[in-house]
Structure formats: structure tokens, C-alpha cells
Amino acid sequence: MASSSQVYRSTRSSSKDTKSFEEAVIQGLASDGGLFIPPVIPQVSKDTLFNKWSKLSFQELAFEIMRLYISSSEISDSELKVLVENSYSTFRSSEVTPLAKNITGNKENLHVLELFHGPTYAFKDVALQFVGNLFEFFLQRHNSNLPESEKKKLTVVGATSGDTGSAAIYGLRGKKDVSVFILYPTGRISPIQEEQMTTVEDKNVQTLSVKGTFDNCQDIVKAIFGDKEFNERHNVGAVNSINWARILAQITYYFYSYFKATGGVEGKVKFVVPSGNFGDILAGYFAKQMGLPVEKLVIATNENDILDRFLKTGYYERSDKVAATLSPAMDILISSNFERLLWFLAREYEANNDDIKAGSIVNNWFQQLREQGKFQVDNKIIDGARKDFDSERVSNEETTKTIAEIYERSTNPSKYIIDPHTSVGICAAERIIAKDKDNTIHYISLSTAHPAKFADAVNESLGKFSGYSFEKDVLPLELKKLSTLPKRLKFVERADVELVKASIEEELTKMKL
Ligand SMILES: Cc1ncc(COP(=O)(O)O)c(C=O)c1O
Ligand SMILES: N[C@@H](CCOP(=O)(O)O)C(=O)O
């Protein structure tokens with residue numbers, strides 16, 4: 001029997017209906033356009049946290065956390081353990097997400113949570129290795145005794161500003177009964193990111209380079225999910241963080257790094273998270289709501305600062321002017337996962353803890369966003385958000401300056417090289433450290449990608465240092481080899497849903513899966 005944290009409802013729903021974990025994960029986006037959430041966040045006691053969980057490996061911790069959100073009637077203990085083990089066996093670090101402690105020495109307590117040790121060198125691997133295995137598990141179970149013609153096939157359609165795409169492709173390449181279509185904005189991702197996505201040979205993978213922005217790609221993906229007929233014909237699945245399983249898998253590293261930073265005891269901890277689609281930091285919000293005693297979650301944005309502006313003004317406002325920054329994976333104007341946070345805030349501060357009312361409030365806000373391009377929330381919602389979150393906006397100039405400063409100032413290890421997204425986080429963390437002036441606080445800044453993925457920004461920042469060499473100091477052999485491989489991609493000359501649907505259908509026929 002599933003508990004109330006093991007069933008899922010849509011953020012826009014005014015009905016009592018809930019879905020199972022499998023239904024929420026396979027469906028991806030709710031049919032009303034909302035995102036799936038567990039209406040009840042499970043609570044973990046301090047005794048469990050500091051006497052049990054603090055002693056667990058990453059994999060054991062992932063199992064304990066996921067168990068709370070997935071009923072054992074859907075996935076048994078032994079099956080879940082295998083899924084977790086397989087998902088993290090592909091990482092280059094035995095710790096999966098190691099914490100580089102006190103990188104600037106002992107005065108600042110600045111720790112960097114390295115999330116880039118998976119197959120595609122980006123934090124998305126932590127979730128997408130798991131999601132790939134989960135899709136395979138559900139499909140195999142469903143298809144095992146069916147004749148070929150009746151087998152369920154999943155058509156995964158995702159949008160990327162660079163990293164989700166390759167992580168999804170590496171999570172799903174060669175998997176049975178799944179095809180993967182990844183849309184990315186032409187010319188707006190780094191050359192290595194493009195090489196990672198387009199050099200994969202597996203026939204179930206196709207990249208679509210779309211003339212437009214990431215937001216255009218994300219809108220097309222959401223429109224495809226909303227297209228009932230296309231969806232029924234092709235069984236569309238989601239790998240973007242609209243898929244709840246993405247958020248779930250990311251919760252683990254908040255607990256794991258907290259224990260590493262404090263030595264397994266309760267302490268003062270702030271997490272600083274370079275944010276775009278709000279998926280990464282939302283996992284931190286779940287960890288905090290589950291009982292992890294986190295002081296604050298700091299949203300660090302680049303010049304595309306809708307989240308920072310929201311926390312300051314209460315306005316959530318769509319604009320067409322996306323800035324092309326040095327941290328392109330965060331060049332996002334509409335942050336999908338923010339809707340999940342808004343649901344919890346609406347329920348607590350406007351709906352008297354009523355799930356159904358919360359759904360209709362959120363639905364109303366997003367209708368305003370569609371029709372008027374913006375909505376504004378009440379002060380009590382902003383005040384509620386500020387209890388858990390702070391925000392900082394970081395410019396391009398500050399991004400390169402911070403990469404250079406960390407290279408110069410780091411002592412543990414010395415000459416530490418960070419990517420521009422990580423730099424946005426560390427710049428924000430340094431500002432907060434200066435404001436707090438409290439050396440009992442641990443600052444965990446999330447490092448979301450390996451610097452090799454963003455050669456231009458890293459070289460612009462470090463080229464002036466004698467002895468620095470990108471090839472020697474940054475570029476792993478595995479990524480270096482990609483430039484010699486043949487590329488496979490399809491251009492879509494306009495950001496248009498019908499064009500994309502036609503491309504998907506054409507390629508599906510060729511794939512003959
Ligand atoms: C390298 C990198 N950093 C940060 C982010 C922002 O994460 P989120 O979209 O979950 O806020 C992304 C992508 O989203 C990314 O690829
Ligand atoms: N920055 C992301 C954008 C997509 O976000 P997602 O987390 O919702 O998949 C990327 O790298 O593609």
C-alpha cells in the first residue's frame with residue numbers, strides 16, 4: 001500500500017486523483033500541463049539523520065531516500081537496490097558526488113560539491129543515469145510477456161541548453177523499446193556539448209538542432225506533451241526536470257554533502273546553487289523540508305534573472321529577451337520547476353493546507369502567465385519563499401573574475417579550475433560569506449559541470465596565467481577524442497512544434513525500433 005508521499009498529483013489539479021510513481025515517471029508531465037509532486041513530503045528524524053544516514057555511502061543513502069517516495073509494491077527493496085547500484089557504477093568517483101572541502105583554506109568554510117563525475121561530466125548524470133535505468137525497468141516489466149507488436153515503446157522528447165541532452169542520451173542510449181529526441185538551440189551550446197550529443201552512434205538517439213532559444217525548445221516539448229493525439233500514438237516520455245524522478249535522484253547529494261561538510265553532526269549549512277530551470281535547487285528544498293537542518297538555499301543566477309527578480313518583487317514575468325551569457329546552460333527565462341515550489345507555497349500560505357485549492361491557485365497563476373505574460377503573488381508567498389531561499393545575480397564579468405580568483409586563491413587543491421556555472425555559484429557564495437561574517441557556517445557551493453565543457457569562458461579567465469594550459473590542465477582524454485568522431489544531427493529551421501513533430505515521426509520510421 002502506497003503512503004501519501006508515494007503518490008503524485010499535478011500542481012494544477014483541482015481533483016483528488018493521484019498517480020502511482022510509475023505513472024508519474026512514465027507520463028512525465030500531467031495532462032493539465034502541471035508537474036507531478038508528492039503532496040506529502042516524508043519527514044526524517046534527527047536521530048535517523050545523524051545516527052544512521054550520516055554513516056551511509058552515497059548509494060545506501062540514495063536507496064533510503066528513494067524508498068520514502070516509491071512504494072515497495074511498485075519496486076521491491078532488492079529491485080531498487082539494483083537500480084541504484086547500476087546507476088552509480090558508471091561514475092568515475094567511488095563517492096559519486098565528492099565534496100572538495102575548504103578550497104580557499106580554513107577561513108571561509110567554502111566547500112565545492114563536485115557533481116560532474118558521471119559519464120557526461122555534468123550534474124545531470126546523477127539523475128539521468130537513474131532515470132534511464134528506471135525507464136528500462138518499467139518497460140521490461142510491462143513488455144516481458146507480450147508479443148513484439150503489443151510491446152509498449154517510449155518516445156522520449158527533451159529540450160536542452162547543453163547538459164540535459166547529453167546526460168539523457170548517455171542514460172538512454174541503446175536501451176530497449178525507447179527512442180530519444182533531444183532539441184537544442186542552434187549555436188547556443190558549447191562545441192563539446194554538441195559533440196557529446198551528436199557523436200553517439202546508437203540508432204535509438206536523434207538530436208534536433210532548432211533555430212531558436214532554449215525556451216523555444218522547452219515550449220515545443222511541453223506542447224508535444226499537451227498534444228493528446230501525438231502522445232497517444234507515440235507514448236511521449238520526459239527526461240527534463242519536469243519528470244519527478246529527476247528531482248528525486250538529486251535529493252541524495254544534499255544529505256550526503258551536508259554530512260561530509262559537518263562531519264556527520266548537526267551544523268549550520270547554506271547551499272548555493274547555480275540555477276536555471278530550478279530543478280537542482282528544488283531537490284535541496286525537498287531535502288530541507290524532509291528535515292535536513294539547512295539554514296538557506298541560495299539561488300545563484302546569471303543575467304537571466306527571473307528567479308532573483310521574483311524573490312525581490314513577487315513578479316514572475318516572461319520576457320523574450322534571453323541574454324546569451326558565459327553560463328549558457330542557465331540562459332533560461334521560464335524555470336519549469338519553480339511551479340512545484342509555488343504549489344507548496346500556495347498550499348501553506350494561501351490555501352489553508354488544502355491540496356485542491358493550491359492546485360487551482362497555481363493553475364490560475366499559470367493561466368495569467370500564458371495570457372498576460374506575468375503574474376504577481378501576494379507578499380505572504382514571497383515572505384514564505386524567503387524563509388528557505390536567498391538569491392544572487394552574477395554578471396559575466398564576475399563569472400570570469402571568479403574563475404581567475406579561485407585559480408589564484410585556492411589552496412586545497414591549488415590552482416582549482418571551475419566552469420562558468422560553478423563560478424556563478426561561488427561568486428554568489430563569496431558575497432554571502434562576506435555579508436554573514438559567521439565562520440561557523442558551512443557554505444556548500446554546487447559544481448554543476450566540468451570546466452572542460454566550457455573552454456571559451458575558462459580560457460578567457462585563465463589564459464593570462466603563465467603555465468596554464470587547457471589541453472593539459474582541463475581537458476580529459478575522453479572528451480578530447482570526441483572532436484575526431486563523425487557527427488549526426490538534424491536541423492529544424494524554425495522553432496515550430498509541427499516541424500519538430502514531423503522530424504520526430506520521420507526519424508522514428510527510420511529507426512525501426
Ligand atoms: C551546468 C549547469 N549548471 C546549472 C544548471 C541549472 O540547473 P537547474 O536548471 O536545475 O536550475 C544547468 C542546467 O539546468 C546546467 O547544465
Ligand atoms: N540547463 C539545462 C536545461 C534543461 O533543464 P532540465 O534540468 O529541466 O532538463 C540543460 O542543460 O539542458
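**Exercise 1. Place F278 in the chain, then decide whether F278 is buried or exposed and what is unusual about its backbone.**

Solution. Step 1: F278 sits in the loop that runs between β9 (268–274) and α11 (279–290). This is a position in a predicted model.
Step 2: count the neighbours. F278 has 25 C-beta neighbours inside 10 Å. The cut-off for a buried residue is 20 or more, so F278 counts as buried.
Step 3: look at the backbone. The phi of F278 is near 70 degrees, which is a positive value in a residue other than glycine. Most residues other than glycine have a negative phi.

**Exercise 2. State how confident the predictor is in this model.**

Solution. Step 1: the mean pLDDT of the chain is 96.
Step 2: 100% of the residues reach a pLDDT of 70 or more.
Step 3: for the model as a whole, ipTM is 0.98 and pTM is 0.97.

**Exercise 3. Examine the loop between α16 and α17 for backbone features at P413 and K415.**

Solution. Step 1: P413 belongs to the loop between α16 (396–409) and α17 (420–436). K415 lies in the loop between α16 and α17 as well.
Step 2: the peptide bond joining N412 and P413 is cis, with omega about 5 degrees. Most peptide bonds are trans.
Step 3: K415 is not a glycine, yet its phi is positive, near 50 degrees.
Step 4: for K415, 15 other C-beta atoms fall within 10 Å. A buried residue needs 20 or more and an exposed one has 12 or fewer, so K415 is partly exposed.

**Exercise 4. Describe the setting of K124, starting from its annotation.**

Solution. Step 1: an unreviewed UniProt entry annotates K124 as "modified residue: N6-(pyridoxal phosphate)lysine".
Step 2: K124 is part of helix α5 (residues 124–143).
Step 3: K124 has 34 other C-beta atoms within 10 Å, so this lysine is buried.
Step 4: with neighbours within four places in sequence set aside, the contacts of K124 are D163, T164 and A167.
Step 5: the UniProt entry, unreviewed, also gives "domain: Tryptophan synthase beta chain-like PALP" for residues 107–350. That span is 45% helix and 18% strand, and its end C-alpha atoms are 42 Å apart.

**Exercise 5. Which residues come nearest to ligand 1 and to ligand 2, and how do the two shells divide by class?**

Solution. Step 1: ligand 1 has 16 residues around it, and D163, N277, G279, A329 and T448 come nearest.
Step 2: the shell around ligand 1 is made of six nonpolar, eight polar and two charged residues.
Step 3: ligand 2 has 13 residues around it, of which T160, D163, T164, N240 and S241 come nearest. D163 is thus listed for ligand 1 and for ligand 2.
Step 4: around ligand 2 there are one nonpolar, 11 polar and one charged residues.
Step 5: helix α6 (residues 163–172) supplies the largest share of the shell around ligand 2, three residues.

**Exercise 6. Find the residues with the most contacts inside the largest nonpolar core, and the helix that gives the most to this core.**

Solution. Step 1: the largest nonpolar core holds 154 residues, and L183 and F255 have the most contacts inside it.
Step 2: helix α10 (residues 244–262) gives the most to this core, 13 residues.
Step 3: beyond four places in sequence, L183 is in contact with A159, L208, V210, C217, I220, V221 and V500.

Conventions. Residues are numbered from 1 along each chain as its sequence is written. Chains are lettered from A and ligands numbered from 1 in the order in which they are written. This is a predicted model: local features need pLDDT of at least 70, side-chain atom pairs count only at pLDDT 80 or more; totals for chains, interfaces and linings use all residues. A residue is near a molecule or strand if its C-beta atom, placed from the backbone, lies within 6 Å of it. Helices (H or I, at least four residues) and strands (E, at least two) are DSSP runs, numbered from the N terminus. Ala, Val, Leu, Ile, Met, Phe, Trp, Tyr, Cys and Pro count as nonpolar, Asp, Glu, Lys and Arg as charged, and the others, Gly among them, as polar. UniProt positions are given in the numbering used here, feature names are shortened, and annotations may be inferred rather than shown by experiment. pLDDT is the predictor's confidence in each residue, from 0 to 100. Two residues are in contact if their C-beta atoms, placed from the backbone, lie within 7 Å. A nonpolar core is a set of buried Ala, Val, Leu, Ile, Met, Phe, Trp, Tyr and Cys residues joined through C-beta atoms within 7 Å.
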